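Subject: Structure for your review

Dear colleague,

Please find below the structure that I am handing over to you. I would ask you to look at it first and then to read the notes that follow.

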Amino acid sequence: MSVMEKTVEVEDVEVVLADADERTFGQVELFAGAYVPEHETQPRIGCVVPAYNEESSIQAVVEALLGQTRVPDVIHVIVNNSSDDTFWVARELAGRHERRYRDEVMACDVHVHDVGKLPERKVGALNIGFKLVEDCDYFLGVDGDTVLDRNAVANLLSEARSDPRIGGISAIYSIDYDEGANGAERFLIAGQRQQFASFNMQNLLRGRNMAVLGGQCSIFSVEALRTVRDEYRQRGPWVSDSEVEDSLLSLQLKRCGFSTKISASARADVGPMVTLKSLDAQQVKWNYGAIDLMWPGQRGDTSGQPFHPNLRLRWLENWSMLFNLAVRIGFVLLLAASMTIGAFVFSPWWLLPPCVAILLNLRTALSMHDRSAKDVLFALLFVPGELYMWLKLGHFIRSWAKFLSRQEVDNWGAQAAAERGKANNAYLQPVLYLAVFIGLLALTWTQLPLLVKEIALWFAWPTLAVLAGMQTLGMVFKLLRRQRGYRV
């Protein structure tokens with residue numbers, strides 16, 4: 001081989017190596033270049049406001065939505081089954097609205113629809129609204145008497161986008177004292193505020209897992225709602241197979257693999273029940289619906305799911321109410337029975353449960369972000385809280401009595417009638433039940449010989465003490481549990 005041939009071979013190798021270096025450099029650029037995040041478009045929020053006889057509140061509700069730091073892209077007010085001027089009041093706000101917030105201009109189109117009489121009432125209105133906003137990314141459901149905090153939509157959206165597994169998030173609910181016109185109404189509002197606060201805190205401390213995405217104010221992934229509708233072969237995400245359509249939807253979302261949460265920061269003031277009739281109708285509907293979901297095999301294809309994780313808190317609530325009922329009635333009966341034979345001996349240990357209850361109610365009051373002196377006094381005075389507990393026990397008794405009677409009931413209609421002031425006096429039924437029960441016991445007691453009475457009391461007082469002790473330990477556990485800085 002000549003010298004010239006060797007030189008050519010070396011040059012060829014150098015050329016090949018140069019080409020290889022260029023290809024390698026190109027591959028490095030392909031696999032190890034700078035990360036460029038995908039451009040994210042702003043999600044669209046469609047808000048649906050089902051409104052039934054809400055002429056006094058609908059304007060404030062829509063104006064609060066238009067005043068948000070993140071305004072919904074579209075609002076559909078679905079007026080249904082109304083006999084007042086809800087449609088005409090809401091129509092004044094129909095049209096395109098623009099809001100400037102921190103140099104950002106947001107636009108929102110408000111549509112108002114009067115859909116007339118709907119057999120499915122609110123469920124039908126929600127499904128109509130879902131069809132109207134199905135092209136959006138998120139569905140925001142707001143009741144016609146619920147006024148949102150100005151940051152509520154922004155906070156709900158931020159939390160919903162933080163995890164694709166989230167199917168829906170509920171706001172933290174409270175009630176404004178200004179909704180009460182007199183002392184009796186403000187007493188009922190104080191009780192409902194404490195009830196909401198306690199329920200909200202329990203859900204927050206359970207990993208913010210929400211058993212019920214309340215219809216008052218919740219945001220849903222439209223994808224999750226579509227999944228429920230298609231998976232269960234329903235006409236819409238909501239069905240009337242349950243007295244509590246929001247609880248049923250929450251269960252279905254969980255079964256489809258989505259999580260249901262309570263917001264840590266989004267807040268809304270809901271409409272209160274300011275009469276004993278309306279409060280009874282609302283609470284009985286809620287409790288009856290929860291029992292209906294807990295108990296196996298109730299309504300058609302919507303079987304009860306007693307061991308579903310979403311219903312654990314419901315079971316705890318019912319067992320807690322049963323303990324409250326047994327301890328209170330038992331104490332009153334045993335006290336009266338002991339005094340009839342001169343066998344009552346006061347023990348300071350019986351002051352422990354009320355004291356712990358006061359501390360627990362006070363802690364609940366102090367956890368409210370908008371607490372007032374009324375909330376603190378409601379807890380410290382004990383009597384108002386005890387009176388409200390007896391009202392709740394009446395709702396508990398009525399709910400189970402209606403459920404066990406196996407009669408077809410229209411709790412939606414009963415609540416609607418109560419809110420219009422046209423309901424009957426069914427809320428007094430627990431008083432009648434207790435009167436008959438106590439009367440029969442008193443009659444039986446008077447027929448017993450003294451020895452039998454003494455033996456009965458000897459067994460009954462320790463049994464009641466054990467029940468009261470278990471209930472007190474439960475309250476102590478709640479009292480000592482860390483609240484992790486949450487405000488309700």
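A search of the whole structure, which is a predicted model, finds zero disulfides. A disulfide is a covalent bond between the sulfur atoms of two cysteines. For Cys47, the closest cysteine sulfur belongs to Cys108 and is 7.8 Å away, which is too far for a bond, given that a disulfide requires the sulfur atoms to be within 2.5 Å. Cys47 is buried, at 0% relative accessibility, whereas Cys256 is partly exposed, at 21%.

Cys47 also appears among the neighbours of Leu65. Leaving aside residues up to four places away in sequence, Leu65 touches Cys47, Val49, Val71, Pro72, Ile75, Leu140, Val142 and Leu148. Leu65 is one of the residues with the most contacts inside the largest nonpolar core, together with Val49, Ile75, Val77 and Leu140. That core has 49 residues. A second, separate core of 33 residues includes Leu204, Leu249, Leu253 and Tyr486.

Next, the backbone. Most residues other than glycine have a negative phi, and most peptide bonds are trans. Asn81 has a positive phi of about 55° although it is not a glycine, and so does Arg484, also at about 55°. Asn81 lies in the loop between β2 (74-79) and α3 (86-91) and is buried, with a relative accessible area of 15%. Arg484 is found in the segment after α16 (450-480) and is partly exposed, with a relative accessible area of 47%.

Finally, the aromatic rings. How many aromatic pairs does the structure hold? There are 14 aromatic pairs. In one of them, Phe220 and Trp238, the ring centres are 5.9 Å apart and the planes stand at 90°, so the pair is edge-to-face. This pair links distant parts of the chain, 18 residues apart: Phe220 is in strand β8 (residues 217-221), and Trp238 is in the loop between α7 (222-231) and α8 (245-255). Both Phe220 and Trp238 are buried, and ring pairs link them with Phe130 and Phe139 into a cluster.

Trp350 and Trp461 form another edge-to-face pair, with 5.7 Å from centre to centre and 65° between the planes. Here 111 residues separate the partners, with Trp350 in the loop between α10 (312-340) and α11 (352-366) and Trp461 in helix α16. Trp350 is partly exposed, at 22% relative accessible area, while Trp461 counts as buried, at 18%. In addition, the charged end of Lys374 sits over the ring of Tyr177, 5.2 Å from the ring centre.

Yours sincerely

Conventions
Residues are numbered from 1 along each chain as its sequence is written. This is a predicted model: local features need pLDDT of at least 70, side-chain atom pairs count only at pLDDT 80 or more; totals for chains, interfaces and linings use all residues. Side-chain values use heavy atoms; hydrogens and water are left out. Buried means under 20% relative accessible area, exposed over 50%, partly exposed in between (1.4 Å probe, protein chains only). A nonpolar core is a set of buried Ala, Val, Leu, Ile, Met, Phe, Trp, Tyr and Cys residues joined through side-chain atoms within 4.5 Å. Contact means heavy atoms within 4.5 Å. Helices (H or I, at least four residues) and strands (E, at least two) are DSSP runs, numbered from the N terminus. Rings of Phe, Tyr and Trp (its six-membered ring) pair if their centres lie within 6.5 Å; planes under 30 degrees apart count as stacked, over 60 as edge-to-face and the rest as tilted. A charge sits over a ring if NZ of Lys or CZ of Arg is within 6 Å of the ring centre and within 35 degrees of the ring normal.
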